[in-house]
Amino acid sequence: MIIFGTRGIKSKIKSGNFICPQCETDRKYDHKKVTKFFTLYFIPLIPLGSAGEYVECKTCKGTFIPRVLNYQRTQSQNQQQQQDQFLSEYEKAMKHSLVLMMLADGEIDDREMVVVLMVINKFGHNDITMEQLENYVAETQRNPQNVSTYLKKVGPMLNEHGKQMLIKCGLAVAGADGVIDDSEISVLYEMGLAMEMKKSEVKTLLEEAQKKQNASV
Ligand SMILES: [Zn+2]
C-alpha cells in the first residue's frame, strides 16, 4: 500500500519586533509561510503552493494575520507624536525655569534677558524673539507659577545629562549679572528637586560654576 497525502510545512519569511496585540507590548515575532506539500510515506516531496502566512509572537505564541505588522506604522506615528509633545513640554519647562531664575533676585538685568533668549533659542525647536520673551516675562510676573509646574512633567523623563544641562542653563542665567545670589541658588535646588535629582548633584554643578566665576573676576 502506498501512503500519500498532503502536509503543511512552515518556513520563516522574516522576523523582527512588533507590538503584539495579545501582549500589548513590544515583542519579537516570526513571519511564517505555510507551504502545502504532496507527501509520500509522510515525506514532503512536491510543493503544492502556499497555504497562507501568519505572524507569530515569540512570547505568547499567539498567531495573527500578517496585516498586524501594518499596525506598527501607526505605532511609530504615536511615538513621533509623543516625542513632539515631550519636546514642547521640555521647551516650556526650560523657558519657565529660566524666566523664574531671572526673576528670582527681584530685578531683570539686560544681560540676563540676553542669556535667557540665547539659551532658549539654542536648545529650543522654535526660536522666540526678544519681544515674545518680554511678554512671557510679564505674564510670569503676573502669574508666577512654581518652577516645578512644568519641570516635574519632563524631569523624570530626562537622563542625567539632560537634567544637568537644564541646571547648567539655569546657572548661566543666574550668573549673567555677575553674582549667583541666594534666591537664585534656591531656584536652582527647586529645579533639581522637581527633576528628582540628588541635592549633592546640584551642589557639585553650583560649585563648579562658582569656581569658574571667581576665576573670571
Ligand atoms: Zn504576544
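Trainee: How far apart do the C-alpha centres of domain 1 and domain 2 lie?
Mentor: This is a predicted model, and the domain assignment gives domain 1 as 4-65 and domain 2 as 80-210. Taking the C-alpha centre of each, the separation of domain 1 and domain 2 is 54 Å.

Trainee: In what order do the four strands form the open sheet?
Mentor: The pairing in this sheet is antiparallel. The edge strands, each pairing on one side only, are β1 (4-20) and β4 (63-64). The order is β1-β2-β3-β4.

Trainee: How many bridges join strand β2 to strand β3?
Mentor: Strand β2 covers residues 25-40 and strand β3 covers residues 43-57. One pairing to look for is T39, whose bridge partner in β3 is P44. The two strands run antiparallel, and the number of bridges joining them is 12.

Trainee: Over how many bridges do β1 and β2 pair?
Mentor: On the β1 side, T6 stands opposite F38 in β2. The sense of the pairing is antiparallel, and the bridges between β1 and β2 number 16.

Trainee: Which residue in the turn of the β1 and β2 hairpin has a positive phi?
Mentor: Most residues other than glycine have a negative phi. The hairpin leaves four residues between β1 and β2. In that turn the phi of about 55 degrees belongs to E24.

Trainee: Where is K61 found, and is K61 buried or exposed?
Mentor: K61 is found in the loop between β3 and β4. Although K61 is not a glycine, its phi is positive, at about 65 degrees. A residue with 12 or fewer other C-beta atoms within 10 Å is classed as exposed. K61 has 8, so K61 is exposed.

Trainee: Which element gives the largest share of the largest nonpolar core?
Mentor: The largest nonpolar core has 34 residues, and those with the most contacts inside it include L98, M101, V116 and L188. Two or more residues each come from α1 (71-103), α2 (110-123), α4 (148-154), α5 (160-174), α6 (182-194) and α7 (199-216). The largest share is eight residues, and the element that gives it is α1.

Trainee: Which residues does L151 touch, not counting residues up to four places away in sequence?
Mentor: L151 is one of the residues with the most contacts inside the largest nonpolar core. With residues up to four places away in sequence set aside, L151 touches A93, S97, M191, A194 and M195.

Trainee: How many residues make up the other core, which includes F18 and C20?
Mentor: In soluble globular proteins, nonpolar side chains tend to be buried together. This other core lies apart from the largest one, and Y29 and C57 are also among its members. Its number of residues is five.

Trainee: Within what arc do the buried residues of α2 fall?
Mentor: The buried residues of α2 are E112, V115, V116, V119 and I120. Seen down the axis of α2, they line one face of the helix, because they fall within an arc of 125 degrees.

Trainee: Which exposed residues does α2 carry on the face turned away from its buried side?
Mentor: K122 is found in helix α2. K122 counts as exposed because it has 9 C-beta neighbours inside 10 Å. The exposed residues on the face turned away from the buried side are D110 and K122.

Trainee: How many of the 13 residues of α3 are buried?
Mentor: Helix α3 runs over residues 130-142, and at 1.5 Å a residue it should span 18 Å, which agrees with the 18 Å between its end C-alpha atoms. The helix is hardly covered, with a count of buried residues of one.

Trainee: Where is E196 found, and is E196 buried or exposed?
Mentor: E196 is found in the loop between α6 and α7. Although E196 is not a glycine, it has a positive phi of about 60 degrees. With 11 C-beta neighbours inside 10 Å, E196 counts as exposed.

Trainee: Leaving aside neighbours within four places in sequence, which residues are in contact with G175?
Mentor: G175 lies in the loop between α5 and α6. With 19 other C-beta atoms within 10 Å, G175 is partly exposed. Leaving aside neighbours within four places in sequence, the contacts of G175 are I180, A209 and Q213.

Key
Residues are numbered from 1 along each chain as its sequence is written. This is a predicted model: local features need pLDDT of at least 70, side-chain atom pairs count only at pLDDT 80 or more; totals for chains, interfaces and linings use all residues. Two strands pair if DSSP finds at least two bridges between them. The expected span of a helix is 1.5 Å times one less than its number of residues. A residue is buried if 20 or more other C-beta atoms lie within 10 Å of its own, exposed if 12 or fewer, and partly exposed in between; C-beta atoms are placed from the backbone. Domain bounds come from an automatic or database domain assignment. A nonpolar core is a set of buried Ala, Val, Leu, Ile, Met, Phe, Trp, Tyr and Cys residues joined through C-beta atoms within 7 Å. Two residues are in contact if their C-beta atoms, placed from the backbone, lie within 7 Å. The arc is that of the directions from the helix axis to the C-beta atoms.
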